Amino acid sequence: MAMECYIGFLVLLVAALLFGFLSVVFTLIWVLHYREGLGWDGTALEFNWHPVFLVTGFIFIQGIAIIVYRLPWTWKCSKFLMKLIHASLNAIAAILAITAVVAAFDFHNTMKIPNMYSLHSWVGLAVIILYVLQLLLGFFVFLLPFAPLSLRAFLMPIHVYSGLILFGTVIATALMGFTEKLLFSLNNPPYSSFPPEGVFTNTLGLLILVFGALIFWIVTRPQWKRPPESTPILFQPNGDAAEKVDVSTAISVSHNMDKSDSELNSEAAARKRNFALDDAGQRSTM
Ligand code: ASC
């Protein structure tokens with residue numbers, strides 16, 4: 001990666017980390033300073049874990065999980081290790097999100113507040129269910145070594161698309177949640193009279209929006225994409241990337257011993273073309 005490009009990446013990354021970190025800090029200040037604090041007793045103290053776990057797990061940690069492949073200093077790490085980190089961060093995010101929903105249901109049930117009537121709750125529950133499905137799909141198809149390459153290549157763009165839609169929807173759901181909570185709980189003085197808690201929590205919503213926008217920018221720049229594995233892609237005229245690196249290297253070496261120079265040269269050219277394939281097995285236009 002060129003130096004200007006690397007610096008550009010670092011600036012955006014530090015900005016994203018700052019906005020993500022500030023979002024978590026603002027959420028803690030909201031529940032500890034403006035609200036009742038934290039506890040696990042079915043009261044508002046338990047409900048307050050809901051925004052804390054969601055902003056920390058479902059927004060901040062999920063955002064980082066989305067961009068881990070883009071950190072240039074990890075490009076020398078194995079793809080498998082990076083997948084493990086990506087999956088683990090997403091699993092932590094899912095556990096925190098589920099715990100956050102349990103806290104909200106517990107609070108409702110203790111206080112005899114009805115469940116699942118708001119748009120926030122409909123979209124929120126849908127997004128958690130789909131997120132867990134996405135996690136399971138990712139685990140079985142991309143992390144475990146059993147799925148054929150054709151299935152991986154078919155599902156990869158869908159996985160990327162759903163992941164980004166889910167992340168964006170989580171942020172939209174959080175914004176609905178803040179609005180709901182402020183309308184419910186700010187009465188005296190009301191939300192409409194610009195009380196400090198209203199302004200503070202609106203600001204938290206903006207911080208989260210900027211965090212999401214930065215993550216979205218970082219993950220959509222083609223020049224910051226992890227380079228395709230530089231593994232030999234020999235003897236696969238359909239352009240499928242070889243997963244079993246050691247085996248294909250061994251095969252290529254043993255085959256090459258019987259090859260003429262011109263055969264090797266044309267293979268080298270084919271290999272060069274194949275390296276322009278991106279992770280989804282499609283030709284890269286970068
Ligand atoms: C994977 C992986 C990729 C894609 C690719 C098929 O499991 O690591 O880069 O699937 O092989 O699109």
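What percentage of the 286 residues in the protein chain is buried? Buried residues make up 42% of them. The model described here is a predicted one.

The protein chain has 9 helices and 0 strands. Along the sequence its pattern reads α-α-α-α-α-α-α-α-α. Among contacts in the protein chain with a separation of 6 or more, 70% join residues 24 or more positions apart. The area exposed by the protein chain is about 15,400 Å², and carbon and sulfur atoms supply 72% of that area.

One pair of helices shows how such elements can be placed against each other. Two packed helices are described by the angle between their axes and the distance between the axes. Helix α1 covers residues 3–34 and helix α3 covers residues 49–67. Their axes come within 9 Å and cross at roughly 170 degrees. Because angles over 145 degrees count as roughly antiparallel, α1 is roughly antiparallel to α3. On the α1 side, the residues that meet α3 include Leu 13, Leu 17, Gly 20, Phe 21 and Trp 30. On the α3 side, the residues that meet α1 include Pro 51, Val 52, Phe 60, Ile 64 and Ile 67.

The next topic is charged residues. Side chains of opposite charge can pair when their charged atoms come close. In this model the count comes to 3 salt bridges. Two of the bridges involve Arg 35. The side chain of Arg 35 meets that of Glu 36 at 3.2 Å, N to O. Arg 35 also forms a salt bridge with Glu 197, where the closest N and O atoms are 2.8 Å apart. Glu 197 belongs to helix α7 (residues 196–220), while Arg 35 is in the loop between α1 and α2 (44–47), so this pair ties together parts that are 162 residues apart in sequence.

How accessible are these partners? Arg 35 has a relative accessible area of 15% and is therefore buried, the cut-off for that class being under 20%. Glu 197 is also buried, at 7% relative accessibility. Glu 36, at 41%, counts as partly exposed.

The remaining salt bridge links the side chains of Glu 229 and Arg 226, at 3.2 Å from N to O. Here Arg 226 is buried, with a relative accessible area of 5%, whereas Glu 229 is partly exposed at 34%. Through shared partners, salt bridges join Arg 35, Glu 36 and Glu 197 into one network.

Another charged residue to look at is Lys 83, in helix α4 (residues 79–111). Is Lys 83 buried or exposed? Its relative accessible area is 17%, so Lys 83 is buried. Apart from neighbours within four places in sequence, Lys 83 is in contact with Tyr 69, Phe 142, Leu 143 and Arg 152.

The surface also has a nonpolar part. Which residues make the nonpolar surface patch of about 960 Å²? The patch is made by Met 116, Leu 119, Trp 122, Leu 125, Ile 129, Leu 130, Leu 133, Leu 136, Phe 139 and Phe 140. One of these, Leu 130, has its place in helix α5 (residues 119–143). With a relative accessible area of 45%, Leu 130 is partly exposed. Leu 130 can therefore be counted in a patch, since patch residues need over 30% relative accessible area.

How values were computed. Residues numbered from 1 in each chain as written. Predicted model: local features only at pLDDT ≥ 70, side-chain atom pairs only at ≥ 80, totals over all residues. Heavy atoms only, no water. Patch = residues over 30% accessible without salt bridge, like charges linked within 9 Å, V, L, I, M, F, W, Y side chains within 5 Å. Areas by Shrake-Rupley, 256 points an atom, 1.4 Å probe, with all protein chains shown as cover. Salt bridge = Lys/Arg side-chain N within 4 Å of Asp/Glu carboxyl O. Helix = DSSP H or I, 4+ residues; strand = E, 2+ residues; numbered from the N terminus. Buried < 20%, exposed > 50% of the residue type's maximum accessible area, 1.4 Å probe, protein only. Axes fitted to C-alpha atoms, helices over the stretch in contact; angles between N-to-C directions. Parallel < 35°, antiparallel > 145°, perpendicular 65-115°, else oblique. Contact = heavy atoms within 4.5 Å.
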